[in-house]
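Hello,

Here is the structure I promised to pass on. Please open it alongside this note, and then read on for what turned up.

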Amino acid sequence: MSNSTVVLDLKNIKKSYSQGDRATVEVLKDVNFSLCCGETVALLGPSGAGKSTLLHIAALLEGCDNGSVFIDGVDYSSLKDREKTNLRLLKIGFVYQFHHLLPEFTVAENLMLPQLLAQKPAQQARNTAIELLKKVGLGDKADQRTNLLSGGEQQRVAVARALVNSPRVMIADEPTGNLDEKNAVIVAQELINCAKAKTMGVIIATHNVRLASMMDRQVTMQGGKLQ
């Protein structure tokens with residue numbers, strides 16, 4: 001069970017796109033959504049329904065036409081780009097469908113980089129990286145290059161990297177879309193465990209029915225609204 005503290009609150013989110021000479025497409029229509037501390041939510045819906053757009057707005061990676069994004073009760077939607085970048089570094093973890101690891105660095109270095117950007121000492125950053133890698137079963141891979149890992153291992157590293165600065169909100173956009181069923185369940189379980197242990201909220205966009213059933217609740221994006 002989650003506690004009653006709301007870590008992410010989206011209010012009246014609207015977003016439209018213009019497609020050349022064609023009419024404007026309204027992707028998000030007055031969307032409202034709240035995510036509590038320790039809670040895991042599956043975001044469902046067909047491709048093109050606006051799930052990724054909603055997650056990008058929630059993560060302050062993209063702006064909206066109208067509405068507000070509250071994190072820990074503070075409205076951050078009107079921040080300047082640099083301020084949003086700093087906030088994401090400290091408060092938001094994001095896991096993409098493709099892991100986006102840096103192949104020129106080792107596994108541990110991929111986890112250290114976000115911490116160094118947050119001004120953490122190098123030794124502390126490495127210690128945290130090693131600790132998290134052990135939790136996801138990759139403690140023995142710390143000094144390997146990321147391109148030597150399997151797809152499932154790389155995605156587990158991506159999850160660990162998103163956790164290194166102890167975010168309040170974890171957002172994952174189809175994080176298991178390129179994984180087999182076994183690795184998909186492993187990655188999902190890691191996110192669930194971290195939500196419970198680290199008292200953060202987790203929202204995952206997915207088409208995986210089994211993964212969705214593991215979450216505390218499911219919401220569906222359809223017709224530009226959440227149902």
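How do the residues of the lining of the largest pocket divide into nonpolar, polar and charged? They split into 12 nonpolar, 6 polar and 2 charged. Please keep in mind that this is a predicted model.

**The largest pocket**

The space in the largest pocket comes to about 590 Å³. The pocket is lined by 20 residues, and R88, L89, I92, F94 and P114 are the closest to its centre. Which elements give two or more residues to the lining? They are α2 (81–91), β6 (92–95), α3 (107–117) and α5 (151–163). It helps to look at these elements in turn.

**The sheet of 6 strands**

Start with β6. This strand belongs to an open sheet of 6 strands with mixed pairing. The order is β6-β7-β8-β3-β9-β10. Why is one side of β6 and of β10 (225–226) left without a neighbour in the sheet? Both stand at the edges and have a single partner strand each, so one side of each has no neighbour there.

Two helices pack on this sheet. α2 touches β6 and β7 (169–173), and its direction makes about 85° with that of β6. α5 also touches β6 and β7, but its direction makes about 170° with that of β6.

The partner of β6 is β7: the two pair in the parallel sense, over 4 bridges. Within that pair, I92 stands opposite V169 in β7. Are the faces of β6 buried or exposed? Both are covered. I92 and F94 are buried on one side, and G93 and V95 are buried on the other. I92 and F94 also appear among the residues closest to the pocket centre.

Further along the sheet, β3 (residues 40–44) runs parallel to β8 (residues 201–205), and 4 bridges join them. L43 has A205 in β8 as its bridge partner.

**Helix α3**

α3 is another of the elements in the pocket lining. Its buried residues are V107, A108, N110, L111, M112, P114 and Q115. What do they pack against? Their neighbours are α2, α4 (122–135) and α5. P114 is buried, and it is one of the residues closest to the pocket centre. Just after the helix comes Q119, with a positive phi of about 70°.

**The sheet of 4 strands**

There is also an open sheet of 4 strands, with antiparallel pairing. Its order is β2-β1-β4-β5. β2 (25–36) and β5 (74–75) are the edge strands, and each pairs on one side only. β5 is joined to β4 (residues 66–71) by 2 bridges, in the antiparallel sense. There, F70 has D75 in β5 as its bridge partner.

**Helix α1**

α1 lies across β1 (6–17), β2 and β4. It runs at about 125° to β1. How many of the 8 residues of α1 (residues 51–58) are buried? The count is 6, so to speak of this helix as mostly covered is fair. The buried residues are K51, T53, L54, L55, I57 and A58. After α1 comes L60, whose phi is positive, near 60°.

**Where to look first**

I would begin at β6. It gives residues to the pocket lining, it is at an edge of its sheet, and both α2 and α5 touch it. Then turn to α1 and the strands it lies across.

Best wishes

Definitions and conventions. Residues are numbered from 1 along each chain as its sequence is written. This is a predicted model: local features need pLDDT of at least 70, side-chain atom pairs count only at pLDDT 80 or more; totals for chains, interfaces and linings use all residues. Side-chain values use heavy atoms; hydrogens and water are left out. On a 1 Å grid over the protein atoms alone, a cavity is a set of points where a 1.4 Å probe fits but cannot get out, and a pocket is an open set with protein on both sides within 12 Å along at least five of seven lines; lining residues have an atom within 4 Å of a point. Grid points are joined across faces, edges and corners, and a volume is the space filled by probe spheres set on the points. Ala, Val, Leu, Ile, Met, Phe, Trp, Tyr, Cys and Pro count as nonpolar, Asp, Glu, Lys and Arg as charged, and the others, Gly among them, as polar. Two strands pair if DSSP finds at least two bridges between them. Contact means heavy atoms within 4.5 Å. Axes are lines fitted to C-alpha atoms, for helices over the stretch in contact, and angles run from 0 to 180 degrees between N-to-C directions. Buried means under 20% relative accessible area, exposed over 50%, partly exposed in between (1.4 Å probe, protein chains only).
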